Amino acid sequence: MSALEALKKDLDGLQIEDNPQIVKQKSRDFFWYSPVLKGQLDHVTGDLVVTPKSEAELIQVLKACYAHDIPVTTRGTGTGNYGQAMPLAGGVVLSMTAMDRVKEIRPGVVVAEAGAIVSKIDEATRAHSGQELRLHPSTARTATIGGFIAGGSGGVGSINWGGLRDLGNVIRLRVLTMEAEPKVLEMTGEDLHKVMHAYGTNGIITEVEMPLTAAYDWVDVLVGFDDFMDAAVFGDALGNQDGLLVKEIAPIAAPLPHDYFLRHQKFIRKDQSVVVCMVAPFAMDAFAAFTRRFKAAEMLYRSDMASEADLKSLPPAYELAWNHTTLRGLRVDPSITYLQVLYPFPTQIEGVRRMTELLGDEVPGHLEFVRFDGKITCFGLPIVRYTTEERLNEIIRLHEDNGCPIFNPHRYTLEEGGMKQTDAVQLAFKREADPKGLLNPGKMIAWENPDFDFSSNKLFLFPGLHRD
Ligand code: FAD
């Protein structure tokens, strides 16, 4: 009997899917945003999808996979962008979607299972006591909270609260290890960094405890500018307004808003750059006064004055921002791709200006203002009018030479997409929690090849990237 057949026998009674077409579909994420990853990962598929309904069933899955040496790649809803949730060595795709209960809500705190959809958590906390999560990805309506913590970084709300990595933005995680007898760990404080943004390579998150803040019926606003740099300066100044409560500030360069935001197109001229904002309803008068200080600013749309028909047909503003800008672009022009840039404080505006002058319409700007290490600055998710991989690498080099670090979304490993160095804390925890290296193989270079030289500029190629 093969290991897989033995595994199926051990998991008799659990929800298992082995139809190859469905398994392949559940083995994919949004890796195809990157023409580079598309070439490398398009063939990747697991062998089985297992969907446990409880922690007890999940422990049964892990024990059986450990016994039969079968890799396990955890999956929320597969909205990650870098092949994070793709099973490079085959094996089990562990779907968390049936563990989706919101378990407890109290002042300032929610406890939920890791497979809960982010917007469902917000719905429950709003209905319970007018509270909402501090920050969410623009995929809130589809992504799981566990996937956000294991694979995401920040998003809508980060202008006030910073990113997931900031102490206090996650309170507690309940984590299972991948051992003969899986341990159940409750992690808090500094320990959280062992498993956060580790792509599920060193533990399975089963439950999260997250801080809450007051919920508002956020007003979606689009502000237009003839010049992208005016939009960037407006965004920066808005982020620094101490008394004006906003949840999202995203300047996006012309002609992207007009060309990509098809349902909002009637509000936007082709040559207009737009700042996408979410503003607390009680702050709208202050916001309008602030906007009038900028001669070049033109209020194009505000949802608190929109018609019933518009309110019904328009997506929420946050689904124009973060990686939804890229998604809307790909729907209009599948040949584009994108980058992830940090414009470091305090020279963020100069950084944006330099790159805009250097690259023009080959790399139209998209900024996301955030609080980062206590300062207001911006990330960029610029669109790249893609020609070749060589040119893409040249564009990356130009950013880095100009002091704007790139978090490369065209790499599937933690290190190459991130800080380009070993994360000793995550590696040490993997040694303890996944001694056989069965969790999401191929994503942590430090585990696969401890001698890998990050300064060599060579690509890491996972030898197990299996082809049928
Ligand atoms: P998946 O993609 O299924 O998984 C992500 C990673 O986490 C994988 O490595 C997976 O193995 C691991 N994982 C999943 N669940 C668990 C678990 N329970 N325990 C351990 N490991 C686990 N990201 C942002 O940070 N901010 C944004 O604003 C944002 N906007 C996006 C917009 C679009 C249109 C798209 C396509 C992506 C965007 N992303 C963003 C990326 C992604 O949507 C988020 O990170 C999302 O929260 C991932 O959730 P998921 O359930 O889809 O996770």
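# Questions on a predicted model

Me: In this predicted model, does threonine 125 count as buried or exposed?

Reply: The relative accessibility of threonine 125 is 0%. A residue counts as buried when its relative accessible area is under 20%. Because 0% falls under that limit, threonine 125 counts as buried.

Me: Which residues, leaving aside neighbours within four places in sequence, are in contact with threonine 125?

Reply: Threonine 125 belongs to helix 5, which covers residues 118–129. When neighbours within four places in sequence are set aside, its contacts are Ile105, Val110, Gly130, Gln131, Glu132 and Leu212.

Me: Which residue offers the backbone oxygen that the side chain of threonine 125 reaches?

Reply: Threonine 125 is part of helix 5. Its side chain reaches a backbone oxygen at 3.1 Å, and that oxygen belongs to aspartate 122.

Me: How many residues of helix 12 are buried?

Reply: Helix 12 spans residues 322–332. Its buried residues are Trp322, Asn323, His324, Thr325, Thr326, Leu327, Arg328, Gly329 and Leu330. The helix is therefore described as mostly covered, since under 20% relative accessible area means buried, and of its 11 residues the number buried is nine.

Me: Which elements are included in what covers the buried residues of helix 12?

Reply: The residues to be covered include Trp322 and Leu330. Their cover includes strand 12, helix 9, strand 15 (336–338), strand 17 and strand 19 (383–385).

Me: What is the approximate phi of tryptophan 322?

Reply: Tryptophan 322 is located in helix 12 and is buried, at a relative accessible area of 11%. Its phi is positive although the residue is not glycine, with a value near 45 degrees.

Me: With which residue does the side chain of histidine 366 form a polar contact of 3.4 Å?

Reply: Histidine 366 occupies the loop between helix 13 and strand 17 (367–372). It is buried, with a relative accessible area of 0%. Among the residues in contact with histidine 366 are Ala321, Trp322 and Thr325. The polar contact of 3.4 Å joins its side chain to that of threonine 325.

Me: What distance separates the C-alpha atoms of histidine 366 and alanine 114?

Reply: Histidine 366 and alanine 114 are 252 residues apart along the chain. The separation of their C-alpha atoms is 31 Å.

Me: In which loop is tyrosine 199 placed?

Reply: Tyrosine 199 has a positive phi, near 55 degrees, and is not glycine. This tyrosine is also buried, with a relative accessible area of 7%. Its place is the loop between strand 9 (184–188) and strand 10 (204–214).

Me: What is the C-alpha separation of glycine 200 and glycine 146?

Reply: Glycine 200 lies in the loop between strand 9 and strand 10, and it is buried at 9% relative accessible area. Leaving aside neighbours within four places in sequence, it is in contact with Ala150, Leu439 and Asn440. Glycine 146 is 54 residues away along the chain, and the two C-alpha atoms are separated by 9.5 Å.

Me: Why does cysteine 378 form no disulfide with cysteine 404?

Reply: A disulfide requires two cysteine sulfur atoms within 2.5 Å. The closest cysteine sulfur to that of cysteine 378 is in cysteine 404, and a bond is ruled out because the distance is too far, at 8.9 Å.

Me: Which proline follows phenylalanine 345 through a cis peptide bond?

Reply: The peptide bond that starts at phenylalanine 345 is cis, with omega near 0 degrees. The proline concerned lies in the loop between strand 16 (341–343) and helix 13. Its name is proline 346.

Me: At about what angle do helix 13 and helix 14 pack?

Reply: Two packed helices are described by the angle between their axes and the distance between the axes. Helix 13 (residues 348–359) and helix 14 (residues 389–401) have axes 11 Å apart, and their crossing is right-handed. The angle of packing is about 145 degrees.

Me: Which residues of helix 14 meet helix 13?

Reply: Helix 13 contributes Met355, Leu358 and Leu359. By class, the contact between the two helices has five nonpolar, one polar and one charged residues. On the side of helix 14, the residues are Arg391, Ile395, Leu398 and His399.

Methods: Residues numbered from 1 in each chain as written. Predicted model: local features only at pLDDT ≥ 70, side-chain atom pairs only at ≥ 80, totals over all residues. Heavy atoms only, no water. Axes fitted to C-alpha atoms, helices over the stretch in contact; angles between N-to-C directions. Helix = DSSP H or I, 4+ residues; strand = E, 2+ residues; numbered from the N terminus. Left-handed = near helix turned anticlockwise from the far one by under 90°. Contact = heavy atoms within 4.5 Å. Nonpolar A, V, L, I, M, F, W, Y, C, P; charged D, E, K, R; others polar. Buried < 20%, exposed > 50% of the residue type's maximum accessible area, 1.4 Å probe, protein only. Polar contact = N/O pair within 3.5 Å; in protein donor to acceptor, adjacent residues only side chain to side chain.
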